[in-house]
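Good morning, colleagues. I would ask you to bring the sequence and the structure up on your screens before we proceed.

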Amino acid sequence: MDWDAIAWVAGGYLAGTLPSTYLVARARRASAVVTGSRRDASEGDAHILMTKHLGGRWSALAATMDVGKGFAFPLVARSLGGLRPEWVALVAVAVVVGHGWPPYARAMAGRGLSTAAGVLLGLLPVAMVIAGVVILVGVVLRYTGPASTIGLLSAALVAALRGQPSAYVAMVGAVVVVIMIRRLEGVTAVVRRGRSWPSALYHRAVWDTDGPAPAPGRGERAPSPGRP
């Protein structure tokens with residue numbers, strides 16, 4: 001048993017739990033962000049509330065902190081820990097898991113995209129640049145949810161074509177699964193509010209939203225765009 005490697009994985013999880021949105025909100029005394037955040041509802045996402053109450057600059061700061069922890073810790077683990085690629089990949093996935101499921105400030109935990117972007121930027125920079133272009137196009141076209149998923153999956157393909165370690169390719173797939181699980185958290189509450197299971201799953205998994213409110217007498221409108 002490689003206990004040193006396991007310790008690095010555990011450290012990756014703890015690094016991922018750094019509550020960026022909570023720290024920024026507290027520093028700015030934005031109590032509405034702290035009290036209004038909910039991890040099981042799209043409208044209660046901490047980054048959305050930060051943009052609403054503090055503006056895009058402070059929300060961007062929190063997102064940058066999330067990218068930073070995803071970028072830095074796996075590289076530190078690889079450099080100082082001398083870990084093999086499969087262990088580095090596990091450390092990276094652990095950082096994303098920690099971001100989505102921290103033991104504290106749970107209501108303000110993110111969906112994992114910004115931390116995942118940091119992980120890929122550090123370990124698979126070329127693949128992440130290409131994924132970033134896909135995501136940026138999605139943001140411009142207001143299709144952020146689908147674009148973020150497609151962008152991350154493209155990173156796995158680019159990594160494989162560039163001959164990167166198979167553990168890193170599998171890491172990208174694992175990160176996408178983690179993000180999807182996090183997106184689907186609380187979907188039962190959406191169903192209880194009157195949406196059908198297929199609709200709730202579709203909007204959460206594809207668009208990363210709870211879905212639009214049905215227009216009276218017209219059923220559901222087209223889905224609203226997701227977010228990074």
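Val129 is located in helix α8, which spans residues 125–141. This model is a predicted one, and Val129 is a convenient residue from which to begin reading its surface. Is Val129 buried or exposed? Its relative accessibility is 52%, so Val129 counts as exposed, the threshold for that class being over 50%. Val129 also contributes to a nonpolar surface patch of about 750 Å². The other contributors to that patch are Val133, Leu136, Val137, Val139, Val140, Leu141 and Tyr143.

I turn now to helix packing. Two packed helices are described by the angle between their axes and by the distance between those axes. Here the pair to consider is helix α5, residues 56–81, and helix α6, residues 85–100. Their axes come within 9 Å and cross at roughly 155 degrees. An angle over 145 degrees counts as roughly antiparallel, and α5 and α6 are therefore roughly antiparallel to each other. The crossing of α5 and α6 is right-handed.

Helix α5 also leads us to the charged side chains. Side chains of opposite charge can pair when their charged atoms come close. How many salt bridges does the count give? The count comes to 8 salt bridges, and I shall discuss several of them.

Within α5, the side chains of Asp66 and Lys69 form a salt bridge with an N to O distance of 3.3 Å. Asp66 and Lys69 are 3 residues apart in that helix, about one turn. Both Asp66 and Lys69 are buried.

A second bridge joins Asp208 to Arg111, with the closest N and O atoms 2.4 Å apart. This pair links distant parts of the chain, 97 residues apart: Asp208 is in the segment after α12 (197–207), while Arg111 is in the loop between α6 and α7 (113–123). Asp208 has a relative accessibility of 3% and so counts as buried. Arg111, at 9%, counts as buried as well.

Arg38 and Asp40 provide a further case, their side chains meeting in a salt bridge at 3.3 Å, N to O. Arg38 is partly exposed, because its relative accessible area is 38%. Asp40 has a relative accessibility of 24% and therefore counts as partly exposed.

Finally, which residues are linked in a network of salt bridges? Arg39, Arg182 and Glu185 are linked in such a network.

Thank you for your attention.

Technical notes:
Residues numbered from 1 in each chain as written. Predicted model: local features only at pLDDT ≥ 70, side-chain atom pairs only at ≥ 80, totals over all residues. Heavy atoms only, no water. Patch = residues over 30% accessible without salt bridge, like charges linked within 9 Å, V, L, I, M, F, W, Y side chains within 5 Å. Areas by Shrake-Rupley, 256 points an atom, 1.4 Å probe, with all protein chains shown as cover. Salt bridge = Lys/Arg side-chain N within 4 Å of Asp/Glu carboxyl O. Helix = DSSP H or I, 4+ residues; strand = E, 2+ residues; numbered from the N terminus. Buried < 20%, exposed > 50% of the residue type's maximum accessible area, 1.4 Å probe, protein only. Axes fitted to C-alpha atoms, helices over the stretch in contact; angles between N-to-C directions. Parallel < 35°, antiparallel > 145°, perpendicular 65-115°, else oblique. Left-handed = near helix turned anticlockwise from the far one by under 90°.
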